[in-house]
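I opened my notebook to look at aromatic rings and at how the two copies relate. Here is what I looked up, entry by entry.

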2 protein chains.
Amino acid sequence: MNITGESLIGASCIKGAGADFFAFDPAAGKDLEPAFHTAGKAEIDCACELARIAFDPYRATDPETRARFLESIAHHIIELGDQLIERAMQESGLPRARLEGERGRTVGQLRLFAEVLREGSWQEARIDPALPERQPLPRVDLRLRMIGLGPVAVFGASNFPLAFSVAGGDTAAALAAGCPVVVKAHPAHPGTSELVGRAIQRAVAEAGLPEGVFSLLTGVGNQLGAELVRHPAIQAVGFTGSRQGGLALMAVAAARPQPIPVYAEMSSINPVFLLPHALAEKAEALAAGFVDSLLLGVGQFCTNPGLVLALAGPDLERFSATAAEQLAQRHAGTMLSAGIQRAYEQGVGRLAGNRHARQLSHGIASETGGKGVPALFSAGAEDFLTDPQLSEEVFGPASLLIACKDVAQMHEVAERLEGQLTATLQMSDGDHALARDLLPVLERKVGRILANGFPTGVEVSYSMVHGGPFPATSDSRGTSVGTAAIQRFLRPVSYQNLPQTLLPAAIQDGNPLAIWQRINGQLKK
Amino acid sequence: MNITGESLIGASCIKGAGADFFAFDPAAGKDLEPAFHTAGKAEIDCACELARIAFDPYRATDPETRARFLESIAHHIIELGDQLIERAMQESGLPRARLEGERGRTVGQLRLFAEVLREGSWQEARIDPALPERQPLPRVDLRLRMIGLGPVAVFGASNFPLAFSVAGGDTAAALAAGCPVVVKAHPAHPGTSELVGRAIQRAVAEAGLPEGVFSLLTGVGNQLGAELVRHPAIQAVGFTGSRQGGLALMAVAAARPQPIPVYAEMSSINPVFLLPHALAEKAEALAAGFVDSLLLGVGQFCTNPGLVLALAGPDLERFSATAAEQLAQRHAGTMLSAGIQRAYEQGVGRLAGNRHARQLSHGIASETGGKGVPALFSAGAEDFLTDPQLSEEVFGPASLLIACKDVAQMHEVAERLEGQLTATLQMSDGDHALARDLLPVLERKVGRILANGFPTGVEVSYSMVHGGPFPATSDSRGTSVGTAAIQRFLRPVSYQNLPQTLLPAAIQDGNPLAIWQRINGQLKK
């Protein structure tokens, strides 16, 4: 398939009127052909208007139609074959195995949402039949179901060119919910984005759906994203990226004449608590596991373990020594983009220059430079509590070990953490009492609590929460991974005394969709 | 029980340091004893800090404990007896029967949330068991449940001194969700608020719950509410009131270092569509039903029918003539407060002075003045589409009839409506095709669609949506009436590989709470 650098506006491919730019190969350090053309106001308006027009007919399709559409997108992504993997490797510097795995995850989550659509609980079907004899007043017939919010703007993330990008979790969840999607491609992987966008465009056409169900805007600069979020047709936003980017979109969305929800997944340092018994029993093994998790994907995961907490003492020293030693043997890795590389170097530089932090170790720099060198720092809990710089995310393979003088101080640090995607407890049986004490604090702080693992690795399943309190995300009520992600793009509508023939199938008598219905408060099928 | 004018801060009763004020009897036109004392910064801080401290132990109580607590609140409200009804009558000008009914609704919704707590689906319990043999990677054990957002600030509404006030739907839903509540009493009914607050305070003490589970701040002025929403302990806001008030709280919440969700129910004109066959068949009966709905409670309902749409012609003229005639025979009624009365008169004045609107009829003014005089206006659809003043809510017994030249224009008016709580279709069998055409538009515009009724009358049940797109509410994803209201105050947390003994009961193996659990995506009990 030809990469043309165009935006995909409904069924059309349009050369944007804005600035030209090129994808960049971070491993080779050079631009990639062809030129991409930034979408201008006309393209944005057209994509959003088409989405607006598509919303009613698209959401009126039955769940089976949408399920097959999602499966068809998955099929067309697979059909792109090695061209997709190779282009993504070039644009991201990520290795083949990782991208093949990520492609599997991407098509897997599309198929999982197809399953969700068929199962039907997402519709929250409820029926309270009329009680004409009720005293003092009869009860009306009242039914409820969920409908889509409207067209959704999705911002592709730099660090997952497939799974959190054009056909990623936000897009899959929004399309499942019956919402047309306008994606703003991440400029770090515009070619990958265009290929996947064309796969979706093909699936839309084959399914006979209105063309506005999907558009892809390509471009550089913040203007494009802000104008997209400002467009009156857009009714919700999905974003994965920096805190600065997320906050900017939240501000734009809140300043609209009609404010809209923003689901921005922004920043997290993912504290790992090494509880005393576990640390005593296996400091070295924990250190090895930690370094592997920290360096996975050159540390470029939202759930990267950027903070480790333990009680000061010989066990922590064993952990630190092993982690420092193992990290020192690891090589620098190519980062996703020059911008991420620069930001990482600045972040490490800030920690290196912080008078409260001590550098324990760093990895092996490349001869040519320009790669992400792993880095490990330590600091005392007192300083962590007073110096906000130590809580800042450094996106990449850097982490900070915090020595707490006692359990109370560990508790205090937990209590003072900002909102996070994850918290991890490394524990053995002797640690249960302390874990029990920490859990209520962590529940308030994070979206996912793990025991005896590391936070990298985010399963796409029914029970996943990839979310958490601000500033981990803009809205702790949702998740951007897993089946619950669909709920972010839905809202309830209730129907009072409507004739059966005018009711949506989900809440008709006789339950034609054979889904779970809550009747007088009781779930039935 | 003595009304003292104090704020109820946890288990204490504290005389606020701010301005003194009095409740006002709108029927008698005089102040009521005793003086109330506006809560100052110290009282706000104390209430919020107590709520923060109470959150973990309160949410850790089992659902049965919270269910009994809600039932105990209901019991203590009933126990207030006639003192509550009489004080509410004095402060609101509402008649006894209405307030007795509203008390029934208030205790009924507390008991309904107790039922919801016991049923357990609100916990969204999900379990994805580990798959250690899965290829290429084993699957971890992953479980999800909902927890409360944290302390909730609730703003009592003026028009429902019981059901949307201190122990109203927002409070009941938040307490059910495991969230402590800090209520800001509406200054139009401070005595009613204090009585109900003392009933809750008693229930907290009897249940042995942490005192910070509930506080009541009394006061006048906007400062108190803004400071409450700004307090870092507060994690969500429930509000029913004016658009201006709701927008102000949204701005305060969005400007916090940590933004929080605001559920503000603000304004709605609740369009009623008189479809042609129904209008031809029963114009006079529809007019009578409409006037009854419009004048119910002196028009002071969020779901008051402030807009009627029909095709121009003799049937609409019959409807207009009958409605005008019936309305002309109805007397002015005492409004809830002097402020509401003034705002109503200004709103009617604006319509009377609008060159596109024609006054069809008005009710019988009281001899002394100072009451809400029913008023009926008409305008053409062309003008409605171009003059935004005609879409503004006039809170009270005023409505506007819009004559559309054809079905296409009716469709256009529907498409141009702002977000609403409700839309009503008056229809007979011959109107089904037109109704089917309007339904998708109305679904996008409103929270509840009714057939052949009037929007006043909001059932408290499983399927009710009292909500809708902005500006009807600040967040179309929720409802402030009915059992789904609990979801506004919850967020998901997932647990990975936690030992059984550390898992919350809702997601333990063996299902000790005997609730619905979603296991590998399938609902089971």
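I looked for aromatic pairs and found 15 over all chains; rings of Phe, Tyr and Trp (its six-membered ring) pair if their centres lie within 6.5 Å, with planes under 30 degrees apart counted as stacked, over 60 as edge-to-face and the rest as tilted. This is a predicted model, where local features need pLDDT of at least 70, side-chain atom pairs count only at pLDDT 80 or more, and totals for chains, interfaces and linings use all residues. Residues are numbered from 1 along each chain as its sequence is written, chains are lettered from A and ligands numbered from 1 in the order in which they are written, and side-chain values use heavy atoms, leaving out hydrogens and water.

I picked Phe290(A) and Phe319(A), a tilted pair with 5.7 Å centre to centre and 40° between the planes. Phe290(A) is buried at 1% relative accessibility, and Phe319(A) is buried at 0%; buried means under 20% relative accessible area, exposed over 50%, partly exposed in between (1.4 Å probe, protein chains only).

Next I checked Phe160(B) and Phe301(B), whose ring centres are 5.5 Å apart with planes at 50°, so this pair is tilted. Phe160(B) is buried at 10%, and Phe301(B) at 11%.

In chain A, I noted one aromatic cluster of Phe160(A), Phe164(A) and Phe301(A).

Last, I compared the copies: chain A can be laid on chain B with an RMSD of 0.0 Å by a turn of 180° and a shift of 0.0 Å along the axis (superposed by least squares on the C-alpha atoms of residues with pLDDT of at least 70 in both). That is the relation of a two-fold axis.
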